[in-house]
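Me: I have a structure open and want to learn how to read its backbone. Where do I begin?

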Amino acid sequence: MLEHSLLSSVLTDGSSSGQMFDRWDLSTRIQDPVQDLLRLQPGRPVELIGPLGFGLSRLGYRLLAEPSQQAPVVVLDVRGWVSPQAVWEAGVEQDRLVIVSCPDERVWPKVVAALCEGVKAIYAEVPTGVKDQDLRRLAALVRARQVGLGLRPLGGPLPSGIAHLRLRPIEVRWSGNDRGHGRLSKRTLVLEAEGRGVSGITRRIEVEDDGTDTVRVVSGLVTGSPRHAVG
Amino acid sequence: MVVGEAGRVVAASAQARLTGVDLGMPRRQAEMTAPGAKVLSRDVAEEWQRFEAVVAAIEEIVPKVEVVEPGLAFVPLAGAIRYYGGEETLIEILSSKLELHGPRLGVADGPFAASWAARESSAGSPNIVYDTKQFLADLDVAALTGESPDAEHLVATFRWLGVTTLGALAQLPREALASRFGASGLVMHRLAHGEDRMLDPRDIPVELAVEAVYEDPLENLDQAGFAARATAARLMNGLHGRGLAPHRVVIEMESARGEIRNRVWRSLDPFTENALADRIWWQLRAWLEAGQIQGGITRLKLDPSDTSGSGRQLAFFEDVGARLEAERALARAQALLEPNSVRQAVPKGGRMPDEQVVWYRWGEPPPPRDLEAPWPGRTPRPTPSLIPPRPHPLEIEWDEGHPVRIRLGSRWEPVINWSGPWRLVRKWWAGEQPVDRYQLVTSAGAFLCLVDGDGARLVGVYD
């Protein structure tokens, strides 16, 4: 479960990026816009783009944790690889998780549209071959119906104008194992966030994931200069 | 024998029962117990269609039959006894009317006692209970199973406390039961006392009923199915807005030729939208297929009664409206895909991640499973986010027993770190070889692999 009091983050500008803050202390005092990056917002699709193995699926599952407190949530599984156990571990309520399998790219837009008519939060893998026109229609529907939607394209990135926020992994580090000893225990994921969700300014955030249902944003640093929004 | 969706026996012939097959027995155990028995899958719609003939026969004698499920119906006798001149006469008439169907009839004060009286009767010899309290006193407390959501747990506790019959339970002070077991304890005590709900529902406000009129008569089953779902949704929306849920619904239908048919459905738990839609659908299907609707359906009315606020205890943050909308959206998605494409899962025991869940179709009850077993040696958490349906062959390069590189597509990735091997000894008695599990970390992510004499296989991606 996402506990705001446990979330900690530091949002600084470039000039103060070297400062060290007591993050626990800050979390109680600063209204933190960075933590909203990992929260599904109604009508504002989030695109998770990157290769397999960087932790984007878990991040996508994590987006559903908070909405699942109130109503059923859906994971749209294209490859047939989604593990419900992993979704529950990300904090999603067990009895409110529904997994819809849809490998066919022709039916996929219809299924997502049908789900958007009633489900409040969806994490959907996007198969290759879905037409840009269909994706744009879906984005409009998502905005109209105020659905929280996380999209994980399995091919290339989505066309512009679809996602409100695009999260792209830069680096992943695992700890807990050492040449045969121990076990995987904690993942640190460095993400680049871009799009309207970050006001067109590319931001780099670091996310700690210790395999429990809490994902911590441990830093959020402004990087680079403002770019065009993704959508 | 007939096996339900949960994989358990729901009906068995007398011959099968003689060999030791019992209701509720898992299918595999039943097949072992009676290897020659033919196994059939349960078809509730078909059962209802056959039961419709029984209900129609009863209705010729006593109106307002309440159907609980195919095979169980309650009949209010108060008015009919006066009309026919006594219980014995009425039961005799009913018995002869239903002779072909071999019914088991029980008469008692209230549905709970009557259903147990029927269970203890046999075909051709109805069981008329004159002293309901005395009849109930001899029943085992297990009779209360199913009467409340936590009844099974309560029955086990009663037994542990030495209260084994309903008579013993009825002698306990009601306040003490209510204080120790809450509302469920109170319900149990009332039932043990014979204070059951009566088949005489209280008056209900007219505006709760919903009605749909069709200019083009509904003549086929698909149309009836959509009508059932839409009307059930309208009724339940209206009731939820008032914080109510129905235990009893009258389904009334008018045909193009002006014939009006109605049927009362009852449920111990308040009806959900899906459950109600199913029952309307079964009812309409039975009427249509039996040719009892000439020219199609022109009007469908649902009249709820025995409404109560119970059964609607929400989770702390639950949003009922959102849940109902989601259910409708999922039903549409299910119609676009196939039913098995919309699924839920429940956890179960197992050592490998793919063994630790049981899938079931959305909208159906979850299958029973055993979570008590300890499963030593299970793969440590976190669970891989992605699990391929079948293990994928994987090429790994080794150096002195340590993984060095793995092939991902066309490129080789150096192994940065790893955990394992963890030996997994599987069904050796079935010829399965032991395998070693590894967690491999590369710059492209972390993977869970199985390695044995035949090579390596990918079984999970920590994505």
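Reply: Start with a caution: this is a predicted model. Now find Pro382(B). Pro382(B) sits in the loop between β13 (357–361) and β14 (392–394) of chain B.

Me: What is the peptide bond from Arg381(B) to Pro382(B), cis or trans?

Reply: Read omega. The bond from Arg381(B) to Pro382(B) has omega near 5 degrees, and it is cis.

Me: Which peptide bond leading into Pro421(B) is cis?

Reply: The one from Gly420(B) to Pro421(B) is cis, with omega near 10 degrees. Look at its setting too. Pro421(B) lies in strand β17 (residues 411–424) of chain B.

Me: Next, phi. What is the sign of phi at Gln146(A), positive or negative?

Reply: Positive. Phi of Gln146(A) is near 55 degrees, and the residue is not glycine. Find Gln146(A) in the loop between α5 (132–145) and β6 (148–153) of chain A.

Me: Why does Gln146(A) count as exposed?

Reply: Count C-beta neighbours inside 10 Å. A residue with 12 or fewer is exposed. Gln146(A) has 12, so it counts as exposed.

Me: Where in chain B is Glu400(B)?

Reply: Go to the loop between β15 (396–399) and β16 (402–408) of chain B; Glu400(B) is there. Its phi is near 50 degrees, a positive value in a residue other than glycine.

Me: How many C-beta neighbours does Glu400(B) have inside 10 Å?

Reply: Glu400(B) has 5, so it counts as exposed.

How values were computed:
Residues numbered from 1 in each chain as written. Chains lettered and ligands numbered in written order. Predicted model: local features only at pLDDT ≥ 70, side-chain atom pairs only at ≥ 80, totals over all residues. Helix = DSSP H or I, 4+ residues; strand = E, 2+ residues; numbered from the N terminus. Buried ≥ 20, exposed ≤ 12 C-beta atoms within 10 Å, placed from the backbone.
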